[in-house]
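Student: I would like to learn how to read a folded chain feature by feature, with the general idea given before each case. Could you take me through one?

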Amino acid sequence: MSEDRRERAGHKWDPALYDGRHSFVWKYGEDVVELLSPRAGERVLDLGCGTGHLTNLIASAGAEVVGIDNSPSMIEQARELYPGLRFEIGDGENFHFDDPFDAVFSNAAIHWMKDQTRVAACIYRALRPGGRFVAEFGGKGNLRRIHRTIYQAITSRGLSAEQTIEEWKYYPSVGEYASLLEQQGFRVARAEHFDRPTSLEGGAEGLRNWMQVFANNFLNALPEDALEDCVREVEERLRPELFREGTWYADYRRIRVRALKDS
């Protein structure tokens, strides 16, 4: 946890750590690409494309893909990895393209976005009539044990956590999210909410590696001398539940959805 903490005002993405230690994020997304079932000649938008691995997988089916992400460092890495593809810095709550898409795809990104009504409206406007939206992201109860333990470790020291678990990200129930899409005009063809315990890369260091990338919202306000103590406490409290045979497992719970913009 030795990154320059002066650069951690809000959530910051490190593409090297993201790809090097947390490849499970995009590898699990390969199943979501199968649900998308991209076809040659289609125009597809990859919303929250990260470093572009799934954008490239969609393009390999012959689709014309545009990847957008609000992290300049992620987009820079995506352009370096896949120079033949189109990547743009874009805000999921406020994006617009003149030419409509046949599909909008998103993996592990929707839950980072704050104004979900605006996100859904942008997705709906981006699609042609008959187009589809396919996504997977965190659902209600996602990472509940990890988040609560981090929060408790911070507040038990008399320190202030800037956000509660509920304020940190958007983790809806399947009914809540399906209703939100329907209010925009979508027909929800598939929606499921399921547990997916996920092994973290790095062996005994897996949980702290995960916190370094995905929990810096919670940890960025801690003084340097309290940070390591908090991380150790989180590890010790979660070890009986989430550490098995040398591997940490994160208590992921996901929503997967396929929705249509009727003609």
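Tutor: We will go from the overall make-up to the strands, then to a single residue, the rings, the cysteines and the backbone angles. Please keep in mind throughout that this is a predicted model.

Student: How many helices and strands does the chain have, and what share of its residues counts as buried?

Tutor: A first reading takes stock of the secondary structure and of the burial. Here the chain comes to twelve helices and eight strands, and 53% of its 263 residues count as buried. One can also ask how far along the sequence the contacts reach: among those between residues at least 6 apart, 78% join residues at least 24 apart.

Student: Which strands pair with β4, and in which sense, parallel or antiparallel?

Tutor: For strand pairing, one looks at the partners, the direction and the bridges. Strand β4 runs parallel to β1, to which three bridges join it, and it also pairs in the parallel sense with β5, over six bridges. Individual positions show the register: Val 44 stands opposite Ala 103 of β4, Ala 103 stands opposite Arg 132 in β5, and Phe 105 stands opposite Val 134 in β5. On its pairing with β8, by contrast, β5 is antiparallel, with seven bridges between the two.

Student: How many residues of β4 and of β5 are buried?

Tutor: In β4, seven of the seven residues are buried, while in β5 the count is nine of twelve, and both strands are described as mostly covered.

Student: What kind of unit do β4, α6 and β5 make?

Tutor: When a helix connects two strands, one reads the hand of the crossover. In this chain β4, α6 and β5 make a right-handed β-α-β unit.

Student: Which residues of α6 are buried, and what covers them?

Tutor: With a helix, one lists the buried positions and then asks what lies against them. The buried residues of α6 are Gln 116, Val 119, Ala 120, Ala 121, Cys 122, Ile 123 and Ala 126. Their cover includes β1 (43-47), β4, β5 (127-138) and α9 (174-184), so β4 and β5, which form the β-α-β unit together with α6, are among the elements that cover its buried residues.

Student: Could we follow one residue in detail, say Val 134: where is its place, and is it buried or exposed?

Tutor: For a single residue, one combines location, accessibility and neighbours. Val 134 has its place in strand β5, and because its relative accessible area is 0%, it counts as buried. Its bridge partner in β8 is Arg 258, and in β4 it faces Phe 105. The C-alpha atoms of Val 134 and Phe 105 are separated by 5.0 Å, although the two residues are 29 apart along the chain. Leaving aside neighbours within four places in sequence, the contacts of Val 134 include Val 32, Leu 35, Leu 36, Val 104, Ser 106 and Val 257, together with Phe 105 and Arg 258.

Student: How many aromatic pairs are found, and which charged ends sit over rings?

Tutor: With rings, one looks for ring partners and for charges placed over a ring face. A search of the whole structure finds eight aromatic pairs, and ring pairs link Phe 95, Phe 97 and Phe 101 into a cluster. Over the ring of Phe 101 sits the charged end of Arg 43, at 4.2 Å from the ring centre, and the charged end of Arg 239 sits over the ring of Phe 243, at 5.2 Å from its centre.

Student: How many disulfides are there?

Tutor: Here one asks whether cysteine sulfur atoms lie within 2.5 Å of each other, and by this rule the count comes to zero disulfides. Cys 122 counts as buried because its relative accessibility is 2%, and Cys 230 counts as buried because its value is 1%.

Student: Which non-glycine residues have a positive phi, and where do they lie?

Tutor: For backbone angles, one notes the value, the place and the exposure. Ala 108 has a positive phi of about 55 degrees and lies in the loop between β4 and α6, where, with a relative accessible area of 17%, it is buried. Glu 245 has a positive phi of about 50 degrees and lies in the loop between β7 (243-244) and β8 (247-260), but Glu 245 is exposed, because its relative accessible area is 85%.

Technical notes. Residues are numbered from 1 along each chain as its sequence is written. This is a predicted model: local features need pLDDT of at least 70, side-chain atom pairs count only at pLDDT 80 or more; totals for chains, interfaces and linings use all residues. Side-chain values use heavy atoms; hydrogens and water are left out. Buried means under 20% relative accessible area, exposed over 50%, partly exposed in between (1.4 Å probe, protein chains only). Helices (H or I, at least four residues) and strands (E, at least two) are DSSP runs, numbered from the N terminus. Contact means heavy atoms within 4.5 Å. Rings of Phe, Tyr and Trp (its six-membered ring) pair if their centres lie within 6.5 Å; planes under 30 degrees apart count as stacked, over 60 as edge-to-face and the rest as tilted. A charge sits over a ring if NZ of Lys or CZ of Arg is within 6 Å of the ring centre and within 35 degrees of the ring normal. Two strands pair if DSSP finds at least two bridges between them. A crossover is right-handed if, with the strands pointing away from the viewer, the path from the first strand over the helix to the second runs clockwise.
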